[in-house]
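Please walk me through this structure in my viewer. Tell me what to select at each stop and what is there.

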Amino acid sequence: MKRGRIFLNGAVHEVRPAQDGHIRLADGQLLAEDQAHWLPPIEPGTIFALGLNYADHARELAFKAPETPLVFLKGPNALVGHNARTPRPAGADYMHYECELAVVIGKHAKNVRQADAYEYVAGYTVANDYAIRDYLENYYRPNLRVKNRDACTPIGPWLVDAADIPDPMNLRLCTSVNGKITQEGTTRDMVFSIPWLIEYLSAIMTLSPGDLILTGTPEGLTNVVAGDVVVTEIENVGRLVNHLADDRNYLNPAL
Amino acid sequence: MRAHNFPTSVRGTIYGVVLNDRGSIEAMGSALQEAPYKAPPKAPVMYIKPGNTLSASGSAVALPKGAGQVEIGAAVGLVIGAPASRLNTQNALAAVQGCVVVADLSLPHTSYYRPAIREKCFDGSCVFADTVAPLASVPNLAGLQVETFINGKQAGQWSLTELVRGAPELLQDVTEFMTLAPGDVLLLGVKWQAPAAAPGDQVAVAVPGVGRLEFSIESTTGSAA
């Protein structure tokens, strides 16, 4: 099952996919997908993200693939839903997208073994973990100024039940900018797999329902600018659309 | 489930900063110019204490397996009262509802290059005092004294006069790129190589005029070593 959350008529609604670019409300009514204001599909707990978790991407950034995972955290301010605008600082030289499979934890998890890890997964969604490399510093890198900016981590549109994704380690990922494909990969190429990451993180700390793990991105980075439409898509999970806008008025582009 | 004495106004994300006191910067010395850092930090060096780390005064905090010591990052936290975005030093404190005493526990680590998840995010590693002191009751925020006691003896003391960025400057530089929400907490800094405690120790942190917390350290087996 796929579940989305939208804002409609002054309230939050859970929606399901329907045919021909429509979504279905709880009472059965249909709504054009692009008429909804999409929210992140879950209200997140702790948000983990992985750096350099695809060997090709690590090479692209001139790093060796790490021997221990590079994990960083985000706050909820970073998330926005499907079809939202993300602020693009006008003065920055290099901002890039990162198409990532996001794992949603479903049960409290502590000291879970890899063999049991999938029992703790509620489902999956798509995230776009934008980075602005101008702000990188070598302290707790990637630092929050690069990775925890307001509205710079679009996520959604759907939370897809784990049962509907029998092999999350074999999904194609793809990003397009203004309709042109710029990034392609497969989750097979992750350095640290989903079960491995759940074992690793749950050995450090207790994971809780709603915690999110953004599992990293393959190679294929390009600079993006205000006005670009960036679509991050993962096979069977979803197609997440994001619009880059000038950071001075992204909340009110009519100004 | 949060303990009954965990402050109810703390309900968001906990952000902290390292290298925000002059002693820490001086202690790092020329290392800040060398690899892997290559330059002193420009923006605040921030980290997140996630939800699993929150614990209340009076807790017993179990160290991760194999950890013999933990650094007690005695800190003052600003509890955000209003959405805080693109503040300046003149209006920044208007977004703060109060101050709270926090003990930010870390396994000792000498490198600040990569995020310190294993060292800073173990369960219970962010201990909060019971009460938030309203900002109006803290006239001398910039001069607060932070004291750490281990088994009743003073093990450390520092003053917020040592901060590189005081509260208004830190709020300005953080909210330049991210919005703090009501209920979020911004810790004003922890000392480099803070006092260390071990399983079996009783720890207290006190900030006169703000509050006090205490907790005990256990090993993973749950019993004192």
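**Stop 1: a helix and its packing**

Start in chain A and select helix α3 together with β6 (47-51), β11 (99-105) and β17 (212-214): the buried residues of the helix pack against these three strands. Keep in mind that the model is predicted.

Now narrow the selection to α3 itself, residues 194-204 of chain A. Show the side chains of A:I194, A:L197, A:I198, A:L201 and A:S202, which are its buried residues. Look down the axis of the helix. These residues lie on the same side of α3(A), because they cover an arc of only 120 degrees around the axis.

**Stop 2: a loop residue**

Next, select A:Y118. This residue sits in the loop that links β11 and β12 (121-128) of chain A. Is A:Y118 buried, partly exposed or exposed? It counts as partly exposed, because A:Y118 has 17 C-beta neighbours inside 10 Å, while 20 or more would be needed for buried.

Add A:A162 and A:P195 to the view. A:Y118 touches both, leaving aside residues up to four places away in sequence. Then jump to A:D247. Its C-alpha atom is 39 Å from that of A:Y118, and the two residues are 129 apart along the chain.

**Stop 3: a five-stranded sheet**

Select β9, β19, β18, β15 and β16 of chain A. In that order, they make up an open sheet with mixed pairing. Which strands stand at the edges? They are β9 (84-88) and β16 (180-186) of chain A. Each has a single partner strand, so one side of each is left without a neighbour in the sheet. Turn the view to look across the strands. On average, neighbours in this sheet are turned by 25 degrees against each other, direction ignored.

Zoom in on β9(A) and β19 (residues 238-246) of chain A. The two strands pair in the parallel sense, over five bridges. For one spot to inspect, pick A:A84: opposite it, in β19(A), stands A:N242.

**Stop 4: where chain A meets chain B**

Finally, show both chains. How many residues of chain A are in contact with chain B? There are 24, and they contact 27 residues of chain B.

Color β7 (70-74) and α2 (144-147) of chain A. These are the elements that give two or more residues to the side of chain A that touches chain B. β7(A) gives the most, with four residues. Then color that side by class: 10 residues are nonpolar, nine are polar and five are charged.

Methods. Residues are numbered from 1 along each chain as its sequence is written. Chains are lettered from A and ligands numbered from 1 in the order in which they are written. This is a predicted model: local features need pLDDT of at least 70, side-chain atom pairs count only at pLDDT 80 or more; totals for chains, interfaces and linings use all residues. A residue is buried if 20 or more other C-beta atoms lie within 10 Å of its own, exposed if 12 or fewer, and partly exposed in between; C-beta atoms are placed from the backbone. The arc is that of the directions from the helix axis to the C-beta atoms. Two residues are in contact if their C-beta atoms, placed from the backbone, lie within 7 Å. Ala, Val, Leu, Ile, Met, Phe, Trp, Tyr, Cys and Pro count as nonpolar, Asp, Glu, Lys and Arg as charged, and the others, Gly among them, as polar. Two strands pair if DSSP finds at least two bridges between them. Axes are lines fitted to C-alpha atoms, for helices over the stretch in contact, and angles run from 0 to 180 degrees between N-to-C directions.
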